[in-house]
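Open the model in your viewer and keep the sequence panel beside it. This tour tells you what to select next and what is there.

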Amino acid sequence: HMVLQREKNIHIFGEGKDDTEVEVTLIHKNGNSMKAKSKAMDGKWLAILPPQKAAADVEVVVKGVEDNKIIKKTFTDVVIGEVWLAGGQSNMEFELQNCTGGKEALKNDENCNVRFYYTPQSAYKNKAFYEAEEASSWQTFDEEQAKKWSAVGYFFAKKLSQDLDGVTVGVIGCNWGGTSA
């Protein structure tokens, strides 16, 4: 359910053995596609696709060959839209379910074109951090998931999406009460 920033170069990156060749294909629902290639160096690779207009139902396919084995990962329900960071402390962390108008929004805002990604709250990059990061993902709006989203981030994204004629807005929640921003 990831959101990629519209009208900017799209950076897709990962890890692999040095000299592994990687091909990234972005496929639009109308069948148009584009590719970018990369090669892993120092254990990392980066493929850059050209800027795209807002679009829904995009698929991203990452393919490579490592140790004579084809590795392929497909990401579906990808959108190209707006991506914003909701950073801060408790004011930004305050959940939608607890704010004025939040319960009504949770019941009535089914088709709001807002998605959320929360960065794991961990003070140290240890095993638990990497496990939480691996388990995290973009979320689409539904009453159960959205209740824990940042209220400020959500209402901002909903309004921006409306002002942009329905362009999907993705919010990256990087907020944690009691920490430095």
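Select Phe-116. Is this residue buried or exposed? Phe-116 is buried, because its relative accessible area is 0% and the cut-off for buried is under 20%. Keep in mind that you are looking at a predicted model.

Now add Tyr-118 to the selection. Tyr-118 counts as partly exposed, because its relative accessibility is 23% and partly exposed begins where buried ends, at 20%.

Show both side chains and look at the rings. A pair of aromatic rings is described by the distance of the centres and the angle of the planes. In the whole model, the count of aromatic pairs comes to nine. Phe-116 and Tyr-118 make one of these pairs, with 5.4 Å from centre to centre and 45 degrees between the planes. That pair is tilted.

Next, select Trp-149 and Tyr-154. Their ring centres are 6.2 Å apart and their planes stand at 50 degrees, so this pair is tilted. Trp-149 and Tyr-154 are both buried.

Which residues join these rings in one aromatic cluster? Select Phe-116, Tyr-118, Phe-141, Trp-149, Tyr-154 and Phe-155 together: they form the cluster. Colour them and leave them on screen.

**Next stop: Asp-109**

Select Asp-109. You will find it in the loop between α2 (102-108) and β8 (114-118). Asp-109 is buried, because its relative accessible area of 11% falls under 20%.

What does Asp-109 contact beyond its neighbours within four places in sequence? The answer is Phe-141, Tyr-154 and Lys-158. Two of those names, Phe-141 and Tyr-154, also belong to the aromatic cluster. Now show the side chain of Lys-158. A polar contact of 2.9 Å joins it to the side chain of Asp-109.

**Next stop: Asp-42**

Select Asp-42. This residue sits in the loop between β4 (33-39) and β5 (44-49). Asp-42 counts as exposed, because its relative accessibility is 72% and exposed means over 50%.

Keep Asp-42 selected and add Phe-141, from the aromatic cluster. Draw a line between their C-alpha atoms. The separation is 38 Å, and the two residues are 99 residues apart along the chain.

**Next stop: Glu-59**

Select Glu-59, in strand β6 (residues 55-66). Is Glu-59 exposed or only partly exposed? At 29% relative accessibility, Glu-59 counts as partly exposed.

Add Leu-26. Here the C-alpha atoms are separated by 5.9 Å, with the two positions 33 residues apart along the chain as the difference in numbering. Leave out residues up to four places away in sequence, and Glu-59 touches Thr-25, Leu-26, Ile-27, Thr-74, Phe-75 and Thr-76.

**Last stop: the whole chain**

Clear the selection and switch to a cartoon view. How many helices and strands does the protein chain have? The secondary structure comes to five helices and 10 strands. Turn the chain slowly. Along its principal axes, the C-alpha trace spans about 55 × 40 × 25 Å.

Of the 181 residues, 38% count as buried. Now think of contacts between residues at least 6 apart in sequence: 70% of them join residues at least 24 apart.

Switch on the surface. The accessible surface comes to about 11,100 Å², and 50% of that belongs to carbon and sulfur atoms. Finally, colour by charge. The chain has 22 positive and 26 negative side chains. The centres of the two sets lie 2 Å apart.

Terms used. Residues are numbered from 1 along each chain as its sequence is written. This is a predicted model: local features need pLDDT of at least 70, side-chain atom pairs count only at pLDDT 80 or more; totals for chains, interfaces and linings use all residues. Side-chain values use heavy atoms; hydrogens and water are left out. Helices (H or I, at least four residues) and strands (E, at least two) are DSSP runs, numbered from the N terminus. Buried means under 20% relative accessible area, exposed over 50%, partly exposed in between (1.4 Å probe, protein chains only). Contact means heavy atoms within 4.5 Å. Accessible areas come from the Shrake-Rupley method with a 1.4 Å probe; for residues, only the protein chains shown count as cover. Lys and Arg count as positive and Asp and Glu as negative; His and the chain ends are not counted. The place of a charge is taken as NZ of Lys, CZ of Arg, CG of Asp or CD of Glu. A polar contact is a pair of N or O atoms within 3.5 Å; within protein, one must be able to donate a hydrogen and the other to accept it, and residues adjacent in sequence count only if both atoms are side-chain atoms. Rings of Phe, Tyr and Trp (its six-membered ring) pair if their centres lie within 6.5 Å; planes under 30 degrees apart count as stacked, over 60 as edge-to-face and the rest as tilted.
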